[in-house]
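Visitor: Could we take a close look at one part of this model together? I would like to begin with a single side chain and work outward from there.

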Amino acid sequence: MSEEKVLIFDTTLRDGEQAPGASLSITEKLEIARQLAVLGVDIIEAGFPVSSPAQFEATRLVAEQIRGPVIAALARASHDDIEAAGKAIAPAKNRRIHTFIATSPIHMQYKLKKKPDEVLKMAVEAVQHAKTFVDDVEFSPEDACRSEFSFLVEILAAVIEAGATTLNIPDTVGYILPYEYGRMIARLKAEVPGIGTCTISTHCHNDLGMAVANSLAAVRNGARQVECTVNGLGERAGNAALEEIVMAICTRPDFFSSEGLSSLSTNIKTTEISRTSQLVSRLTGFVIQPNKAIVGANAFAHEAGVHVDGVLKERSTYEIMTPESIGLGGSRVVLGRHTGRHGFKDRCEQLGFRLTEAEIEQAYGRFLELADKKKEVFDEDLMAIINDEVRAVEQIYELQYLHVACGTGTLPTASVRMRCRDQVTTAAACGDGPVDAAYEAIRQATGLSPKLENYSIRAVTGGKEALGEATVRIREDGKKFIGRGISTDIIEASAKAYVDAINRMVSAKNRGEEDGPKVQL
Ligand SMILES: [Zn+2]
């Protein structure tokens, strides 16, 4: 039987990052891109370069530093967009320009204010222009699922003629259902002249909870590229979840190869799924719901007595995948207090971190402190320490001292000492609870009072000495900033997370960072 690959096109850094409040710094984008390369994705959509200098620079750095996957940049069907995309991805060994224009009557009439023949002409010109930068050009008719089928056939045939090599069929608004989408892909495959030489791609949104099901229906009907994001991150209800697509293809080969079809596989190293998911969750501040398929905390937890009994006797009674297959479980104790600097550095590199000597020194000191409190230091601890120590932004404010008093029948109070550049301030406050008191003291010490939108805390690993990781989201002037802090003391972790968010807010203000236009696709 013949075997075919389904290419995984990851758009966590482009479409995923558009999720409200998920914005990532350049350093964080690079860290995710590095892990996506380890995970084995085929294409990384690194950004939308024309939208802002920061987007351009992030895309350029991913193109320069990440080897393995094809690096793609998004561009509307316009001259400036394609110039910016072409320049941003120039340093990449394998590169792609992904250009798009809306083709549904509602988008053409109200958004573009253009006639179909003008849209077709723009699409062809965009592909021709992109071809002057790269061979590998992807074209998307935005809102394809609400477009007229005959116009889709016409525009796709025209862009193939102009040199497009991948044709993506986006369900921009998450409107279509699996049976319909599968049939649409099959019809396009049969009816678009020249489509045989191109890869058909899916891009599905989850507004009706169908993103993964739709993508798989398309795959079953001949699509060989799936656009998706880690943890299903994305605007509104999100994009198709990478981990669900990959594990469905991996767990049900019988279905995809039935009725004489080729057997399918992906290039994903599934044992990296859990780590990638955790990293994206931590850096974006989007906590994974416990019952999330594949990567939720309960995805492999069996509680019903009869299930537990069955799994103990024979795992496959109730388990269709093993936790090990996504990189969970097994013994992962790697380091302890006797680990030397060299072993520590090695492990950091294996985990995908590229640190300077100074950063290693800093993180190693922190590691020794933790190893004293906690006998076994896991990879997750190590990643948390490094993310905590090696900050993406300048630490304008630093929490030097925190004291909290609380108990039954007393008013929780907190005192802090903070450094702001070379000035030291102290403040004390009371609150509804110890965290609230600490936050009030920090607000007084810094003179800043952003609105706290979201607060969560989780244990990085199990055990009573586990590191606690706090994530907060603050808002000021409509902009959102995420902060994280870790400590074996959860109040301290919470305070550090708040200070981290404040630092991100202040440094974004200092850089005069403006968000560029965001696009729907
Ligand atoms: Zn999208």
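Does Tyr439 count as buried or exposed, and at what relative accessibility?

Guide: Happy to go through it. Tyr439 is buried, because its relative accessibility is 2% (buried means under 20% relative accessible area, exposed over 50%, partly exposed in between, with a 1.4 Å probe and protein chains only). Please keep in mind that this is a predicted model, in which local features need pLDDT of at least 70 and side-chain atom pairs 80 or more, while totals for chains, interfaces and linings use all residues. Residues are numbered from 1 along each chain as its sequence is written, and side-chain values use heavy atoms, without hydrogens or water.

Now for its ring partner. There are six aromatic pairs in the structure (rings of Phe, Tyr and Trp, the last by its six-membered ring, with centres within 6.5 Å; planes under 30 degrees apart are stacked, over 60 edge-to-face, the rest tilted). In one of them, Tyr439 meets Tyr455 edge-to-face, with 6.5 Å between centres and 75° between planes. Tyr439 belongs to helix H16 (residues 434–446) and Tyr455 to strand E16 (residues 451–459), so this pair joins distant parts of the chain, 16 residues apart (helices, H or I, have at least four residues and strands, E, at least two, as DSSP runs numbered from the N terminus). Tyr455 is partly exposed, because its relative accessibility is 33%. Elsewhere, ring pairs tie Phe344, Tyr364 and Phe367 into a cluster.

What surrounds Tyr439 comes into view through the nonpolar cores (buried Ala, Val, Leu, Ile, Met, Phe, Trp, Tyr and Cys joined through side-chain atoms within 4.5 Å). The largest core has 95 residues, and those touching the most other members include Ile71, Phe139 and Ile169. Helix H6 (residues 149–162) contributes the most to this core, eleven residues. Tyr439 sits in another core, apart from that one, with 32 residues, including Ile396, Ala445 and Ala470.

Back in the largest core, Ile169 has contacts beyond its neighbours within four places in sequence, among them Tyr181, Met184 and His203 (contact means heavy atoms within 4.5 Å). His203 is buried, as is His205. Both coordinate the zinc ion through NE2, along with Asp15 (OD) and Leu521 (O), at 1.8 to 2.1 Å (donors are N, O and S atoms within 2.8 Å of the metal, or 3.2 Å for Na, K and Ca; water is absent, so sites may look incomplete). Along the chain, the spacing of these donors reads D-x187-H-x1-H-x315-L.
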